Amino acid sequence: MKTAKSNIMTLEQFKDKHYGKRGTARRDDLEAGYESFRIGALIHKARLEKGLTQQELAEKVGTTKSYISKLENNVKEVRLSTLQKIVELGLGGQLELSIKL
């Protein structure tokens, strides 16, 4: 009995194949887009865990519901100072950043 060759690949292998190795422009664009998406998803998840509407979060931070929606849906990039306000004032959390080299 012949076994079929596995077409399974890791996410890293998929990105290498379709977007190039790390350090190439296309791959860097992909990674940057993912980080923006991830921030929006994290804000959305934290807001729901706190039981806040977008309007309530916006009022706590001093911005608009539309802006919060755009962040959560990866339509708009967030400034670091604004992200800090959202996390600390709006969600009652603490923002932690790290740099990996």
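**Helix packing, the largest pocket and selected residues**

Lys15 counts as buried, because its relative accessibility is 14% and the cut-off for burial is under 20%. The model described here is predicted. Lys15 lies in helix α1, which spans residues 11-19. Leaving out residues up to four places away in sequence, Lys15 touches Gly20, Arg27, Leu30 and Glu31.

Asp16 also belongs to helix α1. With a relative accessible area of 22%, Asp16 is partly exposed. Beyond its neighbours within four places in sequence, Asp16 is in contact with Lys21 and Arg27. Asp16 and Arg27 stand 11 residues apart in sequence. Their C-alpha atoms are 7.9 Å apart in space.

Lys21 follows in the loop between α1 and α2. Lys21 counts as exposed, because its relative accessibility is 54% and the class begins over 50%. Its contacts, setting aside neighbours within four places in sequence, are Asp16 and Arg27. Arg27 is thus listed among the contacts of Lys15, of Asp16 and of Lys21. Lys21 and Val75 are 54 residues apart in sequence. From C-alpha to C-alpha, Lys21 and Val75 are 26 Å apart.

The largest pocket holds about 780 Å³ of space. Its lining has 18 residues, and Glu35, Arg38, Ile39, Glu96 and Leu97 are the closest to the pocket centre. Two or more lining residues come from each of α2 (25-49) and α5 (80-90). Helix α2 gives the largest share of the lining, 6 residues. By residue class, the lining of the largest pocket divides into 11 nonpolar, 2 polar and 5 charged residues.

Helix α5 also packs against helix α3, which covers residues 54-61. The axes of α3 and α5 come within 9 Å. They cross at roughly 105°. Helix α3 is therefore roughly perpendicular to α5, since that term applies to angles of 65 to 115 degrees. On the α3 side, the contact is made by Leu57, Lys60 and Val61. On the α5 side, the contact is made by Lys85, Ile86, Leu89 and Gly90. The residues of this contact divide into 4 nonpolar, 1 polar and 2 charged.

Thr63 lies in the loop between α3 and α4, the latter being residues 65-72. Thr63 is partly exposed, because its relative accessible area is 27% and the class lies between 20% and 50%. Not counting residues up to four places away in sequence, Thr63 touches Ala58 and Ile68. Thr63 and Thr53 are 10 residues apart along the chain. Their C-alpha atoms are separated by 13 Å.

Ser69 is placed in helix α4. At 22% relative accessibility, Ser69 counts as partly exposed. Ser69 and Gln55 are 14 residues apart in sequence. In space, the C-alpha atoms of Ser69 and Gln55 are 9.3 Å apart.

Asn74 occupies the loop between α4 and α5. Asn74 is partly exposed, with a relative accessibility of 34%. The backbone of this residue was also examined. Asn74 has a positive phi of about 60°, although Asn74 is not a glycine. Most residues other than glycine have a negative phi.

The residues described above cover several accessibility classes. Lys15 of helix α1 is buried at 14%. Asp16 of helix α1 is partly exposed at 22%. In the loops, Lys21 is exposed at 54%, Thr63 is partly exposed at 27% and Asn74 is partly exposed at 34%.

Methods
Residues numbered from 1 in each chain as written. Predicted model: local features only at pLDDT ≥ 70, side-chain atom pairs only at ≥ 80, totals over all residues. Heavy atoms only, no water. Helix = DSSP H or I, 4+ residues; strand = E, 2+ residues; numbered from the N terminus. Buried < 20%, exposed > 50% of the residue type's maximum accessible area, 1.4 Å probe, protein only. Contact = heavy atoms within 4.5 Å. 1 Å grid on protein atoms, 1.4 Å probe; cavity = no way out; pocket = protein on both sides within 12 Å on 5 of 7 lines; lining within 4 Å. Points joined across faces, edges and corners; volume = space filled by probe spheres on them. Nonpolar A, V, L, I, M, F, W, Y, C, P; charged D, E, K, R; others polar. Axes fitted to C-alpha atoms, helices over the stretch in contact; angles between N-to-C directions. Parallel < 35°, antiparallel > 145°, perpendicular 65-115°, else oblique.
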